[in-house]
Amino acid sequence: MQFINIHNHNKQCTNLALINLFPEDVAAIEETKFYSVGIHPWEVSKIDIDEQINTIKKAASLKNVLAIGEIGLDKLHSNFDLQKDVFLKQINIAKEVEKPIIIHCVKAFSELLEILKTEKLKIPVIIHRYSGNITIAGELLKFGCYLSFGHELFNTKSKTPKVFKKLPLENIFLETDDAEITIEAVYKKAAEIKNVTVTEINEKILSNFNICF
Ligand SMILES: [Zn+2]
């Protein structure tokens with residue numbers, strides 16, 4: 001069985017994975033693999049933004065760059081206004097090439113919802129490593145967002161497994177991100193929480209993938 005891994009940082013990954021690259025790494029793009037490319041909100045103050053935006057514009061038109069990401073907002077990091085500015089610039093690129101966005105959002109869900117409200121996006125929106133509560137999840141689902149989950153599903157002290165359990169399978173993806181974990185293990189855990197078989201969850205995510213990409 002092949003498992004779709006919607007977000008991971010391992011350039012060697014051989015699964016059906018979207019390998020996330022920062023603009024400075026686009027030279028690593030190989031024709032046989034799939035990618036998301038974007039400026040991470042943690043990086044906005046350290047980089048030449050215009051130069052990296054241009055790199056993303058070029059990469060975005062490549063056939064195997066399937067999404068713009070990870071992009072977004074993080075309240076635990078500085079330069080929030082600049083983060084927002086860079087986020088909006090990258091949303092515009094995604095709109096132009098009509099490709100999905102993969103979002104990193106930490107403690108900034110009200111700002112994200114505000115952006116979703118004004119942007120009225122027609123492109124798929126995937127929130128990776130979703131960390132919010134069930135109420136915010138419900139708000140995001142109203143905008144047709146997909147929420148992706150990874151190693152937090154194993155954390156019994158976190159609210160994430162409970163949130164995941166309540167969400168419709170039509171709106172979820174699974175990922176390894178930068179965790180030392182296999183995507184097979186994440187699917188197994190997700191199936192266990194949802195009380196379905198790994199095959200069922202795999203088929204559902206494959207269908208979500210086909211809708212988005
Ligand atoms: Zn990541």
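Colleague: What span should the 12 residues of helix H1 have, and how far apart are its end C-alpha atoms?
Modeller: In this predicted model, local features need pLDDT of at least 70, side-chain atom pairs count only at pLDDT 80 or more, and totals for chains, interfaces and linings use all residues. Residues are numbered from 1 along each chain as its sequence is written. Helix H1 (a DSSP run of H or I, at least four residues, numbered from the N terminus) covers residues 49–60. The expected span is 1.5 Å times one less than the number of residues, so the 16 Å expected for H1 agrees with the distance between its end C-alpha atoms, 16 Å.

Colleague: Which residues of H1 are buried?
Modeller: A residue counts as buried if 20 or more other C-beta atoms, placed from the backbone, lie within 10 Å of its own, as exposed if 12 or fewer do, and as partly exposed in between. By that criterion the buried residues of H1 are Gln52, Ile56, Ala59 and Ala60.

Colleague: Why are they on the same side of H1?
Modeller: The arc is taken from the directions from the helix axis to the C-beta atoms. The buried residues are on the same side of H1 because they cover an arc of only 100°.

Colleague: Which exposed residues does the face turned away from the buried side of H1 carry?
Modeller: What covers the buried residues of H1 includes E3, E4 and helix H2 (80–97). The face of H1 turned away from that buried side carries the exposed residues Asp50, Glu51, Asn54 and Lys58.

Notes
Helix = DSSP H or I, 4+ residues; strand = E, 2+ residues; numbered from the N terminus. Contact = placed C-beta atoms within 7 Å.
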